[in-house]
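The following exercises ask the reader to trace a fold from its strands to its side chains. Each task is followed by a worked solution in steps.

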Amino acid sequence: MSSGKLRQFAGEKYLNLETYRKNGKAVATPVWFGQDGGVLYIYSLADAGKVKRIRNNPRVRIASCDMRGKLKGEWIEARARIVQGDEAAKGHRLLDKKYGLLKKIGNVFSKLMKRERVVIAIELD
């Protein structure tokens, strides 16, 4: 994995995650992310469209962006996978540390609303 390609994410708060529908149409979504070495972690509601699309096709593209999805960097080809157990807990810890109170409020809200969440690991091709 080329760490040079990941430099665009240093100091950034959002990445644009492009997933693909079954018909091949791309769908881009700005998301929060945490990083551990060459792996980027995001989280989402388990029934979200991006999660369904990743289950059908793990091929994704990522780029740094602002909160509205306006690109700040170049698209990079990557693979996404839904993680569980210790790796999912690690992803949440990284996100909690990076986004602090906002993420923790989201954690409480999700728990109260009984909304299932998943963690997704993204690695460059």
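Helices (H or I, at least four residues) and strands (E, at least two) are DSSP runs, numbered from the N terminus. The model is predicted, so local features need pLDDT of at least 70 and side-chain atom pairs count only at pLDDT 80 or more, while totals for chains, interfaces and linings use all residues. Residues are numbered from 1 along each chain as its sequence is written, and side-chain values use heavy atoms, with hydrogens and water left out.

**Exercise 1. The sheet**

Task: Determine the order of the strands in the sheet and identify the strands at its edges.

Solution.
Step 1. Two strands are taken to pair if DSSP finds at least two bridges between them. In general, strands of a sheet pair through backbone hydrogen bonds, either parallel or antiparallel.
Step 2. Here an open sheet is built from 7 strands in the order S2-S1-S5-S6-S7-S4-S3, with antiparallel pairing.
Step 3. The edges are held by S2 (26–32) and S3 (34–36); each has a single partner strand, so one side of each is left without a neighbour in the sheet.
Step 4. From one strand to the next, the twist averages 35°. Axes are lines fitted to C-alpha atoms, for helices over the stretch in contact, and angles run from 0 to 180 degrees between N-to-C directions.
Step 5. Helix H2 (residues 49–56) packs on this sheet and touches S1, S2, S4 (39–45), S5, S6 (76–83) and S7 (117–124). Contact means heavy atoms within 4.5 Å. The direction of H2 makes about 55° with that of S1.

**Exercise 2. Bridge partners**

Task: Follow the pairing from S1 through S5 and S6 to S7, and name a pair of bridge partners at each step.

Solution.
Step 1. S1 (residues 14–20) and S5 (residues 59–65) run antiparallel and are joined by 5 bridges. Leu15 has Ser64 of S5 as its bridge partner.
Step 2. Between S5 and S6 there are 4 bridges, again in the antiparallel sense. Val60 is partnered by Ala78 in S6.
Step 3. S6 and S7 run antiparallel with 6 bridges, and Val83 is partnered by Val119 in S7.

**Exercise 3. Two residues in the strands**

Task: Decide whether Ser64 and Ile122 are buried or exposed, and list what each touches.

Solution.
Step 1. Buried means under 20% relative accessible area, exposed over 50%, and partly exposed in between (1.4 Å probe, protein chains only).
Step 2. Ser64, in strand S5, has 1% relative accessibility and therefore counts as buried. Leaving aside residues up to four places away in sequence, Ser64 touches residues including Gln8, Phe9, Tyr14 and Leu15.
Step 3. Ile122 belongs to strand S7; its relative accessibility is 1%, so it counts as buried.
Step 4. With the neighbours up to four places away in sequence not counted, the contacts of Ile122 include Leu17, Val39, Ile42, Val60, Ile62 and Ala78. Ile62 is 60 residues from Ile122 along the chain, yet their C-alpha atoms are separated by 8.9 Å.

**Exercise 4. Salt bridges**

Task: How many salt bridges does the whole structure hold, and how accessible are the partners in selected pairs?

Solution.
Step 1. A salt bridge is a side-chain nitrogen of Lys or Arg within 4 Å of a carboxyl oxygen of Asp or Glu. The search finds 8 of them.
Step 2. Arg59 pairs with Glu77, with the closest N and O atoms 3.9 Å apart. This pair links distant parts of the chain, as Arg59 lies in S5 and Glu77 in S6, 18 residues apart. Arg59 is partly exposed because its relative accessibility is 31%, and Glu77 is partly exposed because its value is 36%.
Step 3. Asp96 and Lys103 form a salt bridge whose closest N and O atoms are 2.9 Å apart; both residues are buried.
Step 4. Glu87 and Arg81 also meet in a salt bridge, at 2.9 Å from N to O. Glu87 is partly exposed at 23%, as is Arg81 at 34%. Shared partners join Arg81, Glu87 and Glu123 into one network of salt bridges.

**Exercise 5. The loop after H3**

Task: Where does Lys114 lie, and is Lys114 buried or exposed?

Solution.
Step 1. Lys114 is located in the loop between H3 and S7.
Step 2. Its relative accessibility is 74%, so Lys114 counts as exposed.
Step 3. The phi angle of Lys114 is near 55°, a positive value in a residue other than glycine.
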